[in-house]
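The exercises below are to be worked through with the sequence and the coordinates side by side. Each one sets a task and is followed by a solution in steps.

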Amino acid sequence: MDTGKKAVRKLGKRVKQLREAKRWTQGHLAAALGVEQSYISGIERGEYSPSFPRLARLAEIFDISISELCQGI
């Protein structure tokens, strides 16, 4: 697996970790981000890599910086 795919998978795990810490469903996060629940599921499974604007919006939703969102990636 290449480095890019590993980073996408790690980001997905991080998003899931943050979402679960807030006790949100994928549907709740999807509504806040303005996307379908299946998109959140794809991110968490490492299938989708969010664009920079969506990454910035995710950080805003979780009330953290982008660097905190990408911590450990």
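A residue counts as buried when its relative accessible area is under 20%, as exposed when that area is over 50%, and as partly exposed in between. By this scale Glu47, at 49% relative accessibility, is partly exposed. The model used throughout is a predicted one.

**Exercise 1. The chain as a whole**

Describe the order of the elements in the chain, and then judge its compactness from the radius of gyration.

Solution. Begin with the inventory, which lists five helices and zero strands, so that reading from the N terminus gives the order α-α-α-α-α. The radius of gyration is 11 Å, close to the 11 Å that the globule rule gives for 73 residues, and the chain is therefore as compact as a globular protein of that length. The extent of the C-alpha trace along the principal axes can be added here, at about 30 × 25 × 20 Å. For burial, 36% of the 73 residues are buried. Finally, take the contacts between residues at least 6 apart in sequence: of these, 54% join residues at least 24 apart.

**Exercise 2. The packing of H2 and H3**

Determine how the axes of helix H2 and helix H3 are placed relative to each other, and name the residues that make the contact.

Solution. The two helices are H2, residues 26-33, and H3, residues 37-44, and their axes come within 8 Å while crossing at roughly 110 degrees. Angles of 65 to 115 degrees count as roughly perpendicular, and the crossing therefore makes H2 roughly perpendicular to H3. On the H2 side the contact is made by Gln26, Gly27, Leu29, Ala30 and Leu33, and on the H3 side by Gln37, Tyr39, Ile40, Ser41 and Glu44. Sorted by class, this contact has five nonpolar, four polar and one charged residues.

**Exercise 3. The loop between H2 and H3**

Compare the accessibility of Val35 with that of Glu36, and place each residue relative to a partner in space.

Solution. Val35 lies in the loop between H2 and H3, and the place of Glu36 is likewise in the loop between H2 and H3. Val35 has 15% relative accessibility and is therefore buried, whereas Glu36, at 60%, is exposed. Leaving aside neighbours within four places in sequence, Val35 is in contact with Ala30, Ile40 and Arg54. Of these partners, Arg54 is 19 residues from Val35 in sequence, with a C-alpha to C-alpha distance of 9.9 Å. For Glu36 the partner to examine is Gln26, ten residues away in sequence and 9.1 Å away between C-alpha atoms.

**Exercise 4. The burial of H3**

Establish how many residues of H3 are buried and which helices they pack against.

Solution. Six of the eight residues of H3 are buried, and the helix is mostly covered. The buried residues are Tyr39, Ile40, Ser41, Gly42, Ile43 and Glu44, and they pack against H1, H2 and H4. Past the end of the helix, H3 is followed by Gly46, whose phi is positive, near 80 degrees.

**Exercise 5. The salt bridges**

Count the salt bridges, and for each pair work out the distance, the accessibility of the partners and, where possible, the separation in sequence.

Solution. With a cut-off of 4 Å between a side-chain nitrogen of Lys or Arg and a carboxyl oxygen of Asp or Glu, the count comes to three salt bridges.

- Arg19 and Glu44 form one of them, with the closest N and O atoms 2.5 Å apart. Arg19 lies in helix H1 (residues 3-21) and Glu44 in helix H3, so this pair ties together parts that are 25 residues apart in sequence. Arg19 is buried, at 7% relative accessible area, and Glu44 is buried at 10%.
- Arg45 and Glu47 meet through their side chains at 2.6 Å, N to O. Arg45 is partly exposed, with a relative accessible area of 43%, and Glu47 is partly exposed at 49%.
- Arg57 and Glu60 form a salt bridge with their closest N and O atoms 3.0 Å apart. Both residues belong to helix H4 (residues 52-62), where a spacing of three residues separates them by about one helical turn. An α-helix has 3.6 residues a turn, so residues three or four places apart point the same way. Arg57 is partly exposed at 32%, while Glu60 is exposed at 55%.

Key
Residues are numbered from 1 along each chain as its sequence is written. This is a predicted model: local features need pLDDT of at least 70, side-chain atom pairs count only at pLDDT 80 or more; totals for chains, interfaces and linings use all residues. Side-chain values use heavy atoms; hydrogens and water are left out. Axes are lines fitted to C-alpha atoms, for helices over the stretch in contact, and angles run from 0 to 180 degrees between N-to-C directions. Helices (H or I, at least four residues) and strands (E, at least two) are DSSP runs, numbered from the N terminus. Angles under 35 degrees count as roughly parallel, over 145 as roughly antiparallel, 65 to 115 as roughly perpendicular and the rest as oblique. Contact means heavy atoms within 4.5 Å. Ala, Val, Leu, Ile, Met, Phe, Trp, Tyr, Cys and Pro count as nonpolar, Asp, Glu, Lys and Arg as charged, and the others, Gly among them, as polar. Buried means under 20% relative accessible area, exposed over 50%, partly exposed in between (1.4 Å probe, protein chains only). The radius of gyration is taken over C-alpha atoms; the globule rule is 2.2 Å times the number of residues to the power 0.38.
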